[in-house]
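Here are a few exercises to work through with the structure open. Try each one yourself before you read the solution.

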Amino acid sequence: QVQLVESGGGLVQPGGSLRLSCAAFGFSLDEYDVGWFRQAPGKEREGVSCITSRYDSTHYADSVKGRFTISRDNAKNTVYLQMGSLRPEDPAVYYCAADCVVNSDYDIMPGGFDSWGQGTQVTVSP
């Protein structure tokens with residue numbers, strides 16, 4: 001069975017921190033570019049961050065630069081998204097994808113990935 005499982009979401013106060021995890025089962029995640037995406041109610045899914053497989057180069061949406069950090073732990077077959085300085089505009093369901101590309105407008109896209117999981121809910125509230 002091939003599966004990606006997101007976890008780590010929850011309720012956080014503005015300015016707080018949270019670490020999301022994307023764990024892979026049935027395949028080696030270190031062979032893939034991995035992206036984090038989020039979708040708020042009534043809005044399109046947007047790319048948040050991307051980490052490549054070959055050199056672990058990272059990319060971030062302008063809205064999260066300086067606040068979020070994407071990283072890998074190959075021993076755990078997991079990609080993380082460390083979120084800090086959380087803002088009211090950050091709440092959404094966060095998904096990971098075993099592919100990501102950056103277009104000419106520097107938008108992060110999921111590439112050929114089309115096996116979205118359940119995601120993990122992030123809520124920012126005082």
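Two strands pair if DSSP finds at least two bridges between them, and strands (E, at least two residues) are DSSP runs numbered from the N terminus. The model is predicted, so to speak of a local feature takes pLDDT of at least 70, side-chain atom pairs count only at pLDDT 80 or more, and totals for chains, interfaces and linings use all residues. Residues are numbered from 1 along each chain as its sequence is written, and side-chain values use heavy atoms, with hydrogens and water left out.

**Exercise 1.** Find out how β1 is joined to β3, and which of its residues are covered.

Start with the partner. β1 covers residues 3-7 and β3 covers residues 18-25; five bridges join them, and they run antiparallel. Now pick one bridge: Gln3 has Phe25 as its partner in β3. Next, look at the faces. In a regular strand, side chains alternate between the two faces of the sheet. In β1, Leu4 and Glu6 make up the covered face, while Gln3, Val5 and Ser7 are on the uncovered one.

**Exercise 2.** Place β4 among its neighbours, and decide how enclosed it is.

Take burial first, where buried means under 20% relative accessible area, exposed over 50%, and partly exposed in between (1.4 Å probe, protein chains only). Strand β4 (residues 34-39) has five of its six residues buried, so the rest of the structure largely encloses it.

Then trace one side: β4 pairs with β5 (residues 46-51) in the antiparallel sense, over five bridges. Arg38 stands opposite Glu46 in β5. The two strands form a hairpin with six residues between them, and Gly42 in the turn has a positive phi of about 75°.

Finally, trace the other pairing: β4 and β9 (residues 92-97) are also antiparallel, over five bridges. Here Gln39 has Val93 as its bridge partner.

**Exercise 3.** Work out how the rings of Phe27 and Tyr32 are arranged, then do likewise for Phe113 and Trp116.

You'll need the rule: rings of Phe, Tyr and Trp (its six-membered ring) pair if their centres lie within 6.5 Å; planes under 30 degrees apart count as stacked, over 60 as edge-to-face and the rest as tilted. Searching the whole structure gives four aromatic pairs. The centres of Phe27 and Tyr32 are 5.4 Å apart and their planes are at 90°, so this pair is edge-to-face. Phe113 and Trp116 are edge-to-face too, at 5.2 Å centre to centre and 85° between the planes.

Add accessibility: Phe27 is buried at 17%, and Tyr32 is partly exposed at 33%. Phe113 is buried at 14%, and Trp116 is partly exposed at 23%.

Last step, widen the view. Phe37, Tyr95, Phe113 and Trp116 form one aromatic cluster. The charged end of Arg45 sits over the Trp116 ring, 3.9 Å from its centre (the test: NZ of Lys or CZ of Arg within 6 Å of the ring centre and within 35 degrees of the ring normal).

**Exercise 4.** Locate Tyr55 and say whether it is buried or exposed.

Tyr55 lies in the loop between β5 and β6 (58-60). At 63% relative accessibility, Tyr55 is exposed. For a sense of distance, go to Gly15, 40 residues away along the chain: the C-alpha atoms of Tyr55 and Gly15 are separated by 31 Å.

Note on methods: Helix = DSSP H or I, 4+ residues; strand = E, 2+ residues; numbered from the N terminus.
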